[in-house]
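Reader: I am in my first year and would like a close look at a single part of this model. Please go slowly, and explain each term when it comes up.

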Amino acid sequence: MHIVVVNRWPRFTQGPRWDFSMGRFEELIDHERHRVSYVVDAVGATGILADPERIASTVQIEDVNDFEALRDAVRRVTDEVGPVDRLIAVSEFTLGIAAEVREALDIPGPRPEDVAVYRNKLRMKELVAKAGVRVPRFDACESAGSALEFARATGFPLILKPVSGAASMGVHRVEDEAALTALLSEVDLADYELEEFVEGVIHHVDGFADADAGIPFMAVSRYINDCLAFEAGGQPLGSVVVQDSPLRARVHEFARRCVSGLGMTSMPFHLELFVTPDGDLVFLEIAGRIGGAEVPYLTDKLFGVNLFELWLDALCEGRATVPPQTGDPSGGWLIIPKPAGLPAEVVSVTSMRDRFATIWRELVPAPGEVMEPGGSYDAVHSGRFIFTGDEPAVEEDIRKIIAGFHLETVPVAR
């Protein structure tokens, strides 16, 4: 089999960073049994650590999310090595482009309409609603007039978000009609949708859907704060794994209905939902990839489940085996975002590793380090922590760290 991997992620092999350490293509794909080629950008090239003699071909392009560039790169690989049997992309931002290239070059695997069920927020809500799952009221922004009509009928606040966005980028909480009118004039309406604002605590479910859309593994977690507050408001974001409870059992069943209703098979998923003050479960969104932030590292630590390994086994070997599960572990993670006013040099930082027994991993910038703007959940933020322990203890420590963490910086002139 000829497998082409599209990679835009780096790999950190020295120092304290653990980012992207679970997606070890050189170990998780059999480079002897299969011919394995890579299409990468400059950053993604640093994440390819296989022996060059075991790689069939490597093509580097400027942007792996550029359809024409990616298509032409895969054509070049095909000319050099032979027909492509699998085109693999594991980044949220590359799933759609990879599907378009498969269709253009007649490569087996998901097509754009398949990927839309977990990339297009309008399509996914339509399908899970048909499966009997409660979803927020929503509507496409077909025009400014139709969006305002929906807003008046639904009421404020509302959420305005990209149809195919990720990581809360471009998402706005809209408080009134004047604010909505201004935003509608600034965005491409064809790429946006409006949603009813749902009051509740956001939970996430990270798991793997098998070939029959069953779920042999899933872990339920509760956010502390939320992704929008992290992305738009610079607030800390935490999460704690939920242990056995009636609520967790209900969330398990909710996830099964969502995954089955969407027909998601042989892939990981990251599902987000609201638990309302009345205890109702309301769909937020789902992604057909591995959860971001510290999700894959914590999942492997607690459950011995490498979601990348399951995904690549399903794609490359046609099977994926979940390790047997025992016990009921919990843990969590916390990201304290970068400060404002970057670039800035770190003067002092509060290490928490020796203060809390629940901390498994800590990543804080060192004094003298210059913090740069940009990056997402995997950047070097003010502080990143992964925890293990019982659910109440982990949550308590996360909240204590949020309250007690301190980072001092001074501006750097550029």
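**Starting at one loop, then a closer look at helix 4**

Author: S266 is partly exposed, with a relative accessible area of 24%; this term covers values between buried (under 20%) and exposed (over 50%), found with a 1.4 Å probe on protein chains only. The model is predicted, so local features need pLDDT of at least 70 and side-chain atom pairs pLDDT 80 or more, while totals for chains, interfaces and linings use all residues. Residues are numbered from 1 along each chain as its sequence is written, and side-chain values use heavy atoms, without hydrogens and water.

S266 sits in the loop between helix 10 (246-262) and strand 12 (267-275). Helices (H or I, at least four residues) and strands (E, at least two) are DSSP runs numbered from the N terminus. The phi of S266 is near 50°, a positive value in a residue other than glycine. F20 is another such residue, with phi near 65°. F20 lies in the loop between strand 1 (2-7) and helix 1, and it counts as buried because its relative accessibility is 12%.

A positive phi also turns up beside the part to be examined here: D106, just after helix 4, has a phi of about 55°. Helix 4 itself covers residues 95-105.

Which residues of helix 4 are buried? They are L95, I97, A98, A99, V101 and R102. These buried residues pack against four elements, namely helix 3 (67-81), strand 4 (86-89), helix 5 and helix 12 (307-317).

A98 makes a good example from that list. Its relative accessible area is 0%, so A98 is buried. Contact means heavy atoms within 4.5 Å, and beyond its neighbours within four places in sequence, A98 is in contact with L70, L87 and A89. A98 can also be placed relative to G109, which lies 11 residues away along the chain: their C-alpha atoms are separated by 9.5 Å.

Next comes the partner on another side of the description, helix 5. Two packed helices are described by the angle between their axes and the distance between the axes. Axes are lines fitted to C-alpha atoms, for helices over the stretch in contact, with angles from 0 to 180 degrees between N-to-C directions. Helix 4 and helix 5 (residues 112-119) have axes 9 Å apart and pack at about 170°. The two are therefore roughly antiparallel. Angles under 35 degrees count as roughly parallel, over 145 as roughly antiparallel, 65 to 115 as roughly perpendicular, and the rest as oblique.

On the helix 4 side, the contact is made by L95, G96, A99, E100 and E103. On the helix 5 side, P112, E113, V115, Y118 and R119 take part. L95 and A99 appear both here and among the buried residues of helix 4.

Helix 5 has a second helix partner, helix 6 (residues 121-130): the axes of this pair come within 6 Å and cross at roughly 80°. That makes helix 5 roughly perpendicular to helix 6. In this pair A116, V117, Y118 and R119 of helix 5 meet K121, R123, M124 and L127 of helix 6. Y118 and R119 thus take part in the meeting with helix 6 and also in the contact with helix 4.

A few other places in the chain can be read in the manner used for A98. H31 is in the loop between helix 1 (25-28) and strand 2 (35-40). Is H31 buried or exposed? H31 is buried, because its relative accessible area is 4%. Apart from neighbours within four places in sequence, H31 is in contact with F25, E26, V36, Y38, A50 and R54. The C-alpha atoms of H31 and I3 are separated by 9.4 Å, although the two residues are 28 apart along the chain.

T154 belongs to helix 7 (residues 144-154) and counts as buried because its relative accessibility is 16%. Not counting residues up to four places away in sequence, T154 touches R137 and E196. In the loop between helix 7 and strand 6 (158-162) lies P157, joined to F156 by a cis peptide bond with omega of about 0°. The peptide bond from L342 to P343 is also cis, with omega near 5°, and P343 is found in the loop between strand 14 (331-336) and strand 15 (344-349).
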